[in-house]
Amino acid sequence: MHLLKLSESKWSLVLCALFVCAAIFELDAKEQRMTPGTTSTLKKPKLGRTTNKRQRVEMVKPKIKPSAAAQTKTSLTQVLGRGVFKKVGETLSVQTGDTLSLRCRGKPVQWSFPPLVEEDEGRLMIVQQERFSLLTLVNTTVADTGEYTCYPMNCEDRDCRREYNKATNVFIFFPDPRELFIPSSSHYEIIQLRSNWPAVLPCQVTSPEAKVTLHREFPPEEVAVDGTEISFNNRKGFTIHRPQPHHAGVLQCVANLGNLMQSSTKYILSYVNYPMAPPVPVIQASSSSVAVGDNLRVTCAALGERDVYMEFNWEYPAQQIGRPLYTEETMIPVSGEASRQQFQSVLQVDEVRDVDQGMYTCTAQNLQGAKSVSITVKVVSKVKAKKLRV
């Protein structure tokens, strides 16, 4: 038995030795495969570089930032329900009493809307989300009719400005069977007709289906709307493109829809012949050197249109001490030009004194602007004046 146990222990030692040798040979083979110059495809990794190609691509992939155009681009949609949107056109009709919901894409954006909506803050709510702004108006009325505009904002730090050329707008009608015109607090509105500027009678209707005509109070008649001299737009009203004196008077709009007929606010139109440009005055003195005691005349003249307002104002040296001077203004027709005339103002200085020496300035002004011209006058003694004449 003792011999059998001894032989078993020897075999166990032999097997352990064999396992140890096998392990040593395996380690030597791995080292040979890791050394340069071998034909193995395994390579020793280099410091500072990852062996995971997928991870390397993700690390160097650049982040794409949205362009300025993409950030400021806007689109306007009407929210009809949860997750239900409708792109709006130039106009939109919403029944009075319903809730208006508009969504404008962009960040940040700013809204503009009719004045009566802005004054009633309790019905209006605007929420700016991550990518869009939501405007909600509840308990709508005919007075909410008008243009709603969404402006993308261009911000640098805290300084923001509207991008007017990238704005999106829609004109919204709020029809009501009892009101065909947007209500007004005044019965009369004065509109100035300028000869060089279109005039608008802002009788805006609440329904795009209403038929609107223009009428004169005296003599009572319907005014012809030919689309050229006078045109109508249900979002603006009537436009007189080239106002003339015969357009002046009291006018009002009349709207018809079904069995309902209503009249708008009365518009009092007054005609003003506006000049084409600011005046260009010319100044001239009777003499650039005047003797003490003599009289001086300084003339300021400017061309202008007939029946056009023009005003002259003077500044002169003795004005500082309160010395009063006299002016005479006249209008002289221009030969061969029936529509133009010359305006003239003459400043008269009687018995010139030493205090009258200096600069004389004339300012001519009309409804388009003002312009000034100046001239310098010297005052000398009578003895010196005689010598100069000789």
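This report describes the nonpolar cores, a surface patch and some backbone features of a predicted model.

**Cores**

The largest nonpolar core has 23 residues, and L296, V298, W314 and Y360 have the most contacts inside it. Two or more residues each come from β20 (282-285), β22 (296-305), β23 (311-315), β25 (337-349), β26 (358-366) and β27 (369-380). Strand β22 gives the largest share, 4 residues. Outside its neighbours within four places in sequence, L296 touches A285, S286, S287, V290, L347, Q348, V349, V352, Y360 and V377. There is also a second, separate core, with 22 residues, F171, F181, V212 and C253 among them.

**Surface**

Y188, I190 and I268 make a nonpolar surface patch of about 320 Å². Of these residues, I190 belongs to strand β11 (residues 188-194). I190 counts as exposed because its relative accessibility is 67%, and the cut-off for exposed is over 50%.

**Backbone**

Most residues other than glycine have a negative phi, and most peptide bonds are trans. The peptide bond from F218 to P219 is cis, with omega near -10 degrees. P219 sits in the loop between β13 (211-216) and β14 (221-222). Positive phi values occur at N139 and at E351, neither of which is a glycine. The table lists these two residues.

| Residue | Phi | Loop | Relative accessibility |
|---|---|---|---|
| N139 | about 50 degrees | between β7 (132-137) and β8 (146-156) | 52%, exposed |
| E351 | near 50 degrees | between β25 and β26 | 58%, exposed |

Conventions
Residues numbered from 1 in each chain as written. Predicted model: local features only at pLDDT ≥ 70, side-chain atom pairs only at ≥ 80, totals over all residues. Heavy atoms only, no water. Core = buried A, V, L, I, M, F, W, Y, C linked by side-chain atoms within 4.5 Å. Buried < 20%, exposed > 50% of the residue type's maximum accessible area, 1.4 Å probe, protein only. Contact = heavy atoms within 4.5 Å. Patch = residues over 30% accessible without salt bridge, like charges linked within 9 Å, V, L, I, M, F, W, Y side chains within 5 Å. Areas by Shrake-Rupley, 256 points an atom, 1.4 Å probe, with all protein chains shown as cover. Salt bridge = Lys/Arg side-chain N within 4 Å of Asp/Glu carboxyl O.
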